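Work through the exercises below with the structure in view. Each one sets a task and then solves it step by step.

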Amino acid sequence: MDFSGQTVIVIGGTSGINRGIAEAFAASGAKLAVASRSQEKVDDTVAALKAAGAADAIGVAFDVRDPDAVAEGLKQFHDAFGDFDVLVSGAAGNFPALAAEMSINAFKTVIDIDLMGTIHVMKGAYPFLKRPGASIINISAPQSYLPYEGQAHVCAAKAGVDQITRTLSMEWGVEGIRVNSVVPGFIEGTEGAKRLAPTPDAGEALRRDVPLGRWGQPQDVANACLFLSSDMASYISGTVLAVDGALYQRGSGKFGQMMGDMLRSMKKG
Ligand code: COA
Ligand code: NAP
């Protein structure tokens, strides 16, 4: 796919799945802007995106929980690159914890990053979106529609993210802006997957839950984002696209129960 001449913003684009998405757009010739909390990760990513073929690449460090910092960072991107063709919002935090065991602040932290962060990013970007034609992609998770024990905070946050997607696809659709969510399955080698499946046994249980029988790769998710942002998807908006090897069809499966059992045994121990 050719994204040359286009401006692509990836929030939380400095590691894992989101960095894979940013690199795929860079290899397709776009101008890239990335943001996350760590200036070091931002600088490293910007250099990698230029090496991957980006027409240009810039980045700033901010925390998506701070709406003013998000708005200021996005303005800097607009000053440098002009209107946004593609906005990917993917910053998130996760840890496994039973609801009864985690503090209110722990629950709120994930809501603040995943859910509030999403609306901060979308509202901050709103004045700078190309009209008509912009593509927004919110990075969601299977927890949006599958309940996993030990993930009440993430389930609540990501369900909210997908409802923002659906609602704003209507509110902003009238301006020619498309809004979709992409739901990665469990993606090999990423921080999110390591936190949920920290041992080889847990990793294998997770893999067995996937009908296609393999872990997802960052490129699988990136391919879906390229497609959704291309002209081939010009009539697709308000959708929640699972890129999960059919994991959803099996539900939370044995893996979800195993995680609950593991957390309960840690509590006893
Ligand atoms: N179990 C229970 N509670 C936990 C926890 C865990 N494993 N990890 C953190 N918390 C709690 C903390 O105790 C704190 O609550 P308290 O103030 O009542 O003690 C609250 O969560 C916030 O923790 P803190 O470390 O101050 O948050 P932070 O803003 O520095 O970091 C996190 C946010 C916790 C989400 C951190 O893991 C992070 O930065 N994650 C980003 C990377 C990531 O999660 N990647 C996977 C994406 S799917
Ligand atoms: P990751 O490598 O930890 O990526 C998270 C990114 O968000 C990093 O760039 C991180 O950089 C940034 N970030 C975190 N908190 C932030 C904050 N408060 N403000 C700004 N930036 C912040 O995680 P990942 O596993 O690849 O997950 C990426 C996305 O995919 C997430 O939305 C996640 O929910 C989703 N997902 C992952 C999986 C999986 O298998 N991994 C499955 C389903 C969905 P800094 O640390 O520099 O801030």
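Pro67 is partly exposed, because its relative accessible area is 40% and partly exposed covers the range between buried (under 20% relative accessible area) and exposed (over 50%), computed with a 1.4 Å probe on protein chains only. The model is predicted: local features need pLDDT of at least 70, side-chain atom pairs count only at pLDDT 80 or more, and totals for chains, interfaces and linings use all residues. Residues are numbered from 1 along each chain as its sequence is written, chains are lettered from A and ligands numbered from 1 in the order in which they are written, and side-chain values use heavy atoms, with hydrogens and water left out.

**Exercise 1. Place Pro67 and find which residues join it in the contact of H3 with H4.**

Step 1. Pro67 belongs to helix H3; helices (H or I, at least four residues) and strands (E, at least two) are DSSP runs, numbered from the N terminus.

Step 2. The C-alpha atoms of Pro67 and Val121 are separated by 7.7 Å, although their positions lie 54 residues apart along the chain.

Step 3. The axes of H3 (residues 67-81) and H4 come within 9 Å and cross at roughly 40°. Axes here are lines fitted to C-alpha atoms, for helices over the stretch in contact, and angles run from 0 to 180 degrees between N-to-C directions.

Step 4. H3 and H4 are therefore oblique to each other, since angles under 35 degrees count as roughly parallel, over 145 as roughly antiparallel, 65 to 115 as roughly perpendicular and the rest as oblique.

Step 5. The crossing of H3 and H4 is right-handed, meaning that the near helix is turned clockwise from the far one by less than a right angle; anticlockwise would be left-handed.

Step 6. On the H3 side the contact (heavy atoms within 4.5 Å) involves Pro67, Val70, Ala71 and Leu74, and on the H4 side His120, Val121, Gly124 and Ala125. These residues divide into 6 nonpolar, 2 polar and no charged. In this scheme Ala, Val, Leu, Ile, Met, Phe, Trp, Tyr, Cys and Pro count as nonpolar, Asp, Glu, Lys and Arg as charged, and the others, Gly among them, as polar.

**Exercise 2. Describe helix H1: how far does it reach, and how many of its residues are buried?**

Step 1. H1 covers residues 16-27, 12 residues, and reaches 17 Å from its first C-alpha to its last. That is close to the 16 Å expected at 1.5 Å a residue, where the expected span is 1.5 Å times one less than the number of residues.

Step 2. Because 9 of the 12 residues of H1 are buried, the helix is largely enclosed by the rest of the structure. Among the buried residues are Ile17, Arg19, Ile21 and Phe25.

Step 3. Just after H1, Gly29 takes a positive phi of about 90°.

**Exercise 3. Set out how H1 packs with H8 and with H2.**

Step 1. H1 and H8 (residues 218-229) pack at an angle of about 55°, their axes 8 Å apart. The two are therefore oblique to each other, and H1 passes H8 in a right-handed crossing.

Step 2. From H1, Ile17, Gly20, Ile21, Ala24 and Phe25 meet residues of H8 including Pro218, Val221 and Leu226. By class, this contact has 9 nonpolar, 3 polar and no charged residues.

Step 3. The axes of H1 and H2 (residues 39-52) come within 8 Å and cross at roughly 35°, again in a right-handed crossing.

Step 4. Arg19, Ala22, Glu23, Ala26 and Ala27 of H1 make this contact with Asp44, Thr45, Ala48, Leu49 and Ala52 of H2. The contact of H1 with H2 has 6 nonpolar, 1 polar and 3 charged residues.

**Exercise 4. Locate the cis peptide bond and the positive phi of Ala246.**

Step 1. A cis peptide bond joins Arg131 and Pro132, with omega about -10°. Pro132 sits in the loop between helix H4 (104-125) and strand S5 (135-139).

Step 2. Ala246 is not a glycine, yet has a positive phi of about 75°. Its place is the loop between strand S7 (240-243) and helix H9 (253-268).

Step 3. With a relative accessible area of 30%, Ala246 is partly exposed.
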